[in-house]
Amino acid sequence: MINRDSMYLFGMFSFVPLFVLVALAGAVISLSRILVTNSAALSELVWAEDGLFPLCINSYGYFSCLVDPFAGYLLFLSRTLAWPVSLFPLSEWPLVTNLVAAIAIGLGSGFIAWLLVRANVSRGAAVIAGLIPVSIPIVGFEAINSSGSAYMIMLVIAAILVSFRFSPLLPVWLTPIFLLMTSLTIPSSAVLAIPLVFFLLTAKVNRRRNLVNLFFLGIGLLVQFLVVITAENSRPIAITFDSLTQWVSQIPVAIATLAPALTRLSGSGLIESDLVSPNSLWGAGILLALVLAVVFLNLKGNSKQAAAGWLIFVGFLMGLIPALAGYSNNRYFVVPLAVLLIGTVVIADSLIHKRNAIVFTLVGILLAVL
């Protein structure tokens, strides 16, 4: 039974639900990245498709634009977030877009914290995990407070829902509906079928609920597949040795972004570093270490650690899907790095739980630096 007190922070904030505080912090951090990078952008600049989508809705209506492919696939979440923006005058779009994006990303952060507390992860670990997707330095390269990139935190949440096997703890409709929305938003969600099928075959979860989850994910993926093969500007998937090698070789550089001083964003949009170079051998070694860790955690770890292993596994596979379409760009390492850190936090939960005050102090300092 979940202790109700575990849903609240201690001390002077004990009256505020944990997920609300994390949601507010996530929204503030996301907006702060804009202010630090370019303060004028908050009210003067709309990022990429964040302007295209509300413009489409203004011209053709929400439902027409909802089924209109972007870059060859559907983007349900980003199209939906554009609807409230379209209701405002064009001059207000930059500010409204930034606020809508911050709210969506903040809610995602709060939802992550809420889910992990439901999974009996300590409050300290849940807070850290909830803020990771908005705090890791790689987010600052390109996916700053963007509605178009909000699918990233959606993928993280979907991976958590599947990996932690929440069937007995959540409303029966929550996971399948979220998986449907995720699969209608981004094709990378296809990798979530791997743990769902595994759990179904090994009877690790309630079979009926697992089948429902798999069915709703499959419906969304089927729609995505039909869109991908019929879209005029589709992205061809080419599973070649070169595409795999390119993705694997970029892994060391992506991980180096956790130390911001080591990396920079090049004019071509790729991450570069003077100290860490793309290296397929190192990348393959990192992947092998992660796979072995997942196997070990599932064989020897407790239920939380096993779930963290699955989270890391599917999260890294999500980063592979765009690479197969020839888009091994920095943005596609945001989800892998986020789930790697969240999984690590969950694995270290017992240490964090005993040192909440120290952990929160260190997190505050870290966020200030990042």
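Visitor: Let's start with F166. Is F166 buried or exposed?

Guide: F166 counts as buried, because its relative accessibility is 3% and the cut-off for buried is under 20%. Keep in mind that this is a predicted model.

Visitor: Okay, and where does F166 lie?

Guide: You'll find F166 in the loop between α9 and α10, and α10 covers 174-183.

Visitor: How far apart are F166 and L116 in space?

Guide: From C-alpha to C-alpha, F166 and L116 are 10.0 Å apart, while in sequence they are 50 residues apart.

Visitor: Let's look at another loop. Where is I136 found?

Guide: I136 sits in the loop between α7 and α8, with α8 being 139-142.

Visitor: Buried or exposed, that I136?

Guide: I136 is buried, with a relative accessible area of 4%.

Visitor: What separates the C-alpha atoms of I136 and L258?

Guide: A gap of 6.7 Å in space, although I136 and L258 are 122 residues apart along the chain.

Visitor: Time for helices. How do people describe two packed ones?

Guide: They give the angle between the two axes and the distance between those axes.

Visitor: So at what angle do α6 and α9 cross?

Guide: Roughly 15°, and their axes come within 10 Å. Angles under 35 degrees count as roughly parallel, so α6 and α9 are roughly parallel to each other.

Visitor: Which hand does the crossing of α6 and α9 have?

Guide: The α6 and α9 crossing is left-handed.

Visitor: And what about α9 and α15, at what angle do those axes cross?

Guide: The axes of α9 (residues 151-163) and α15 (residues 303-324) cross at roughly 140° and come within 9 Å. That makes α9 oblique to α15. As for the hand, α9 passes α15 in a right-handed crossing.

Visitor: What comes just before α15? Where does G301 lie?

Guide: G301 lies in the loop between α14 and α15. With 23% relative accessibility, G301 counts as partly exposed.

Visitor: How far is G301 from I347 in space?

Guide: Their C-alpha atoms are 8.9 Å apart, and G301 and I347 are 46 residues apart in sequence.

Visitor: Switching to charges. When can side chains of opposite charge pair?

Guide: They can pair when their charged atoms come close.

Visitor: How many salt bridges does a search of the whole structure find?

Guide: The search finds four salt bridges. One of them joins the side chains of R79 and D68, at 3.6 Å from N to O. R79 lies in helix α5 (residues 76-86) and D68 in the loop between α4 (62-66) and α5, so this pair ties together parts that are eleven residues apart in sequence.

Visitor: Are R79 and D68 buried or exposed?

Guide: They get two labels here. R79 counts as buried at 3% relative accessibility, and D68 counts as partly exposed at 35%.

Visitor: Which residues are linked in a network of salt bridges?

Guide: That network is made of R264, E272 and D274. E272 pairs with R264, the closest N and O atoms being 3.6 Å apart. D274 also pairs with R264, and there the closest N and O atoms are 3.2 Å apart. D274 lies in the loop between β2 (271-272) and α14 (280-300), and R264 lies in strand β1 (residues 264-265), so their pairing ties together parts that are ten residues apart in sequence.

Visitor: And how accessible is each residue in that network?

Guide: E272 is partly exposed at 36% relative accessibility. R264 is partly exposed too, at 37%. D274 counts as exposed, at 65%.

Visitor: Any greasy bits on the surface? Which residues make a nonpolar surface patch?

Guide: L95, L99, I103 and L107 make a nonpolar patch of about 360 Å². L99 belongs to helix α6 (residues 93-118), and L99 is partly exposed with a relative accessible area of 39%.

Visitor: Last one, N120. What is its phi?

Guide: Phi of N120 is near 65°, a positive value in a residue other than glycine. Most residues other than glycine have a negative phi.

Visitor: And where does N120 lie?

Guide: N120 lies in the loop between α6 and α7, where α7 is 123-135. At 52% relative accessibility, N120 counts as exposed, because the cut-off for exposed is over 50%.

Technical notes
Residues are numbered from 1 along each chain as its sequence is written. This is a predicted model: local features need pLDDT of at least 70, side-chain atom pairs count only at pLDDT 80 or more; totals for chains, interfaces and linings use all residues. Side-chain values use heavy atoms; hydrogens and water are left out. Patches are made of residues with over 30% relative accessible area and no salt bridge: like charges are joined within 9 Å, nonpolar side chains (Val, Leu, Ile, Met, Phe, Trp, Tyr) within 5 Å. Accessible areas come from the Shrake-Rupley method with a 1.4 Å probe; for residues, only the protein chains shown count as cover. Helices (H or I, at least four residues) and strands (E, at least two) are DSSP runs, numbered from the N terminus. Buried means under 20% relative accessible area, exposed over 50%, partly exposed in between (1.4 Å probe, protein chains only). Axes are lines fitted to C-alpha atoms, for helices over the stretch in contact, and angles run from 0 to 180 degrees between N-to-C directions. Angles under 35 degrees count as roughly parallel, over 145 as roughly antiparallel, 65 to 115 as roughly perpendicular and the rest as oblique. A crossing is left-handed if the near helix is turned anticlockwise from the far one by less than a right angle, and right-handed if clockwise.
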